[in-house]
Amino acid sequence: MNEEIFLTLKGWFNKYVSTYSFPNPTDQRNIDLKFEHTYKVVELITTIGEEILSAEELYLAKITALFHDLGRFEQYKRYKTFSDAKSEDHAALAIKIILENDLLAEISQESSQLILKAISYHNKMNLPEDETDKVLLYSKLIRDADKLDIWRVVINDYNQEDNNKVVGLGLTSKDDISNSICQQIIAEKPVDYKDLKTLNDLKLTQMGWVYDINFQKSLKIIEEREYIDKLFMTLPPSDKAREVYEQIKSYINNKLAL
Ligand SMILES: [Fe+2]
């Protein structure tokens, strides 16, 4: 039953995304990027979730992952950007599309609410405190799985000669690193994207996502894939950046030693 629902939703998703085709190869590449990302996030949420969820619960997590970025395609079509700040909240857009198409019709009201809430929280700076443990659990799972794959996407991009303007949120690739950004990361505070001045600021912010990681399994994947080291290597030599790097590395090591 669950497998069947998931397969049907996957079929719907594939068909939906295929209606977003662009003549310009760069535009098409950005759509393909989000399509591929979606399936990687489904895989990752399975890897993290299978240790802590029942088979039934795991399907709900996989549906959350399948639809978490559903708003990205329409966002790109309308605004040609993946920056929510410059356009609109892509999670809210995803929820609108899910409801308009009645995609969760086969799922209980309670589980549907769980999926929708987790999607709505997946891209927010902080999780709300007044939510049920269940909603928080699914929100944490999607947030971890999402970040784990975004690291793959951005590291790939930063190592290309010609950076994708959309992946880099259109920030300049000047050598500058903002002091205030480093200080916020060292204080383990989430950075507001509005404060970012350069691509290096964004890279450091993405290194700092580690503080927002919820599961031990996710930290293991970060280390296995050497994400923090790979991001650090794309930065220009800088004492400030090294301080951020070293602090993050020791944070991971301490957490993994628990
Ligand atoms: Fe995502």
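This passage describes an iron site, an enclosed helix and a set of aromatic pairs in a predicted model.

We may begin at the metal. The iron ion has as its protein donors NE2 of H37, NE2 of H68, and OD atoms of D69 and D146, at 2.1 to 2.4 Å. Angles among the four donor atoms run from 81 to 166°, and the site is irregular. Since a tetrahedral assignment would need all angles between 85 and 135 degrees, the range of 81 to 166° does not fit that class. Along the sequence, the donor residues follow the spacing H-x30-H-D-x76-D. H68 sits in the loop between helix 3 (55-67) and helix 4 (71-79), whereas D146 belongs to helix 7, so this pair ties together parts that are 78 residues apart in sequence. Both H68 and D146 are buried.

Helix 9 offers a second point of interest. This helix spans residues 199-208, and ten of its ten residues are buried, so helix 9 is largely enclosed by the rest of the structure. Its buried residues pack against helix 7 (133-158), helix 8 (179-186), helix 11 (227-232) and helix 12 (239-257). The buried set includes charged residues by name, D201 and K203 among them. K203, a member of helix 9, has a relative accessibility of 6% and therefore counts as buried, the cut-off being under 20%. Beyond its neighbours within four places in sequence, K203 is in contact with Y158, L231, T234 and L235. With Y158 the arrangement is a specific one: K203 lies over the face of the ring, 4.8 Å from the ring centre. A further case of a charge over a ring involves K34, whose charged end sits over F82 at 4.8 Å from the ring centre.

Aromatic contacts come next, and the count reaches 16 aromatic pairs. In one of them, F13 and F35 have ring centres 5.7 Å apart and planes at 5°, so the pair is stacked. F13 lies in helix 1 (residues 2-18) and F35 in helix 2 (residues 25-49), which places the partners 22 residues apart and links distant parts of the chain. F13 is buried, at 0% relative accessible area, while F35 is partly exposed, at 28%. F13 also pairs with Y39: their ring centres are 5.9 Å apart and their planes stand at 75°, so this pair is edge-to-face. Because F13 is in helix 1 and Y39 in helix 2, the pair ties together parts that are 26 residues apart in sequence. Here both F13 and Y39 are buried. These residues belong to one aromatic cluster, formed by W12, F13, Y16, Y20, F35, Y39, F67 and F73.

Notes
Residues are numbered from 1 along each chain as its sequence is written. This is a predicted model: local features need pLDDT of at least 70, side-chain atom pairs count only at pLDDT 80 or more; totals for chains, interfaces and linings use all residues. Side-chain values use heavy atoms; hydrogens and water are left out. Buried means under 20% relative accessible area, exposed over 50%, partly exposed in between (1.4 Å probe, protein chains only). Helices (H or I, at least four residues) and strands (E, at least two) are DSSP runs, numbered from the N terminus. Contact means heavy atoms within 4.5 Å. Donors are N, O and S atoms within 2.8 Å of the metal (3.2 Å for Na, K and Ca); water is not among the atoms, so sites may look incomplete. Four donors count as tetrahedral if all angles lie between 85 and 135 degrees; four count as square planar and six as octahedral if opposite donors are over 155 degrees apart and all others between 65 and 115; anything else is irregular. Rings of Phe, Tyr and Trp (its six-membered ring) pair if their centres lie within 6.5 Å; planes under 30 degrees apart count as stacked, over 60 as edge-to-face and the rest as tilted. A charge sits over a ring if NZ of Lys or CZ of Arg is within 6 Å of the ring centre and within 35 degrees of the ring normal.
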